[in-house]
Amino acid sequence: MIVTLIVICEVGFWVLLAAGLAVRYLLRMPRTGLALLLCEPLLEIVLLVVTAIDLKNGADPGWKHGLAALYIGYTVGHGHRTVKWLDGHAAHRLAGGPPPVRPPRYGMARARHEGAVWLGSVVAAAVASGLLLLAVWYVGPDGETESLWGWITVAWRATGIHGLIALSYAIWPPKDPAAKGSAVPARDPEDVADLPVGGPRKDEEQV
């Protein structure tokens, strides 16, 4: 049931997002579209309540409860960035707005961007861990909570790997390929105009 609900919430997330953007920009109803977008957190609340009821009814804590916690954490940590990115593209393509600003690709600006994305993963892991710890407390010491503790480890392990990837951009920031070829290239002799002739040579004048 929990896995099915996670799939329903994921599908519902994209359906609400598409409906909100369509109403906001195609139908020119910004308030109604915003209201639909604000309904997104309700899906996570429903998932959280159903997960708690499932545990309350005596279900053994398992991987599906951990997956639900990670899904909620990911939505909290990265959902806003996803909605903002899609909203910018919808405003540009459907309402004639300015093109969305692309994330930097090179240098320390790219490193800072990757660091900001990693902070979203930290928030996601923290939220998921908090929910899993609440589940552990809710089940009590007599319940089977090993899988819940294991999902906490998974969340922070994934965050640590993401952090190492983000750190690599700060240590070895990508270089702009255009900057490497900034030196003025040598001109081809065929492209150089002929030098003007100043006049006949002296030996030709004497002939």
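This is a short talk on the helices of one protein chain and on two of its residues, Glu40 and Arg28.

Okay, hi everyone. One thing up front: what you're looking at is a predicted model. The protein chain has eight helices and zero strands, so if you read the elements off from the N terminus you just get α-α-α-α-α-α-α-α. Of its 207 residues, 30% count as buried.

Let's start with a helix pair. Two packed helices are described by the angle between their axes and the distance between the axes. For helix H5, residues 107-139, and helix H6, residues 146-171, the axes come within 9 Å and cross at roughly 170°. Anything over 145 degrees counts as roughly antiparallel, so that's what H5 is to H6. And what's in that contact, by class? You've got 20 nonpolar residues, six polar ones and two charged ones.

Next up, Glu40. You'll find Glu40 in helix H3, which covers residues 40-56. Glu40 is buried, and yet there's no salt bridge for it. Which side chain of opposite charge is nearest to Glu40? That would be Arg24, and Arg24 is 11 Å away. What the side chain of Glu40 does have is a polar atom 3.2 Å from the backbone nitrogen of Leu17.

Last one: Arg28. Arg28 sits in the loop between helix H1 (2-26) and helix H2 (30-38). Its phi is positive, about 60°, although Arg28 is not a glycine. Is Arg28 buried or exposed? The cut-off for exposed is over 50%, and Arg28 comes in at 56% relative accessibility, so it counts as exposed.

That's me done, thanks.

Conventions:
Residues are numbered from 1 along each chain as its sequence is written. This is a predicted model: local features need pLDDT of at least 70, side-chain atom pairs count only at pLDDT 80 or more; totals for chains, interfaces and linings use all residues. Side-chain values use heavy atoms; hydrogens and water are left out. Axes are lines fitted to C-alpha atoms, for helices over the stretch in contact, and angles run from 0 to 180 degrees between N-to-C directions. Helices (H or I, at least four residues) and strands (E, at least two) are DSSP runs, numbered from the N terminus. Angles under 35 degrees count as roughly parallel, over 145 as roughly antiparallel, 65 to 115 as roughly perpendicular and the rest as oblique. Ala, Val, Leu, Ile, Met, Phe, Trp, Tyr, Cys and Pro count as nonpolar, Asp, Glu, Lys and Arg as charged, and the others, Gly among them, as polar. Buried means under 20% relative accessible area, exposed over 50%, partly exposed in between (1.4 Å probe, protein chains only). Lys and Arg count as positive and Asp and Glu as negative; His and the chain ends are not counted. A salt bridge is a side-chain nitrogen of Lys or Arg within 4 Å of a carboxyl oxygen of Asp or Glu. A polar contact is a pair of N or O atoms within 3.5 Å; within protein, one must be able to donate a hydrogen and the other to accept it, and residues adjacent in sequence count only if both atoms are side-chain atoms.
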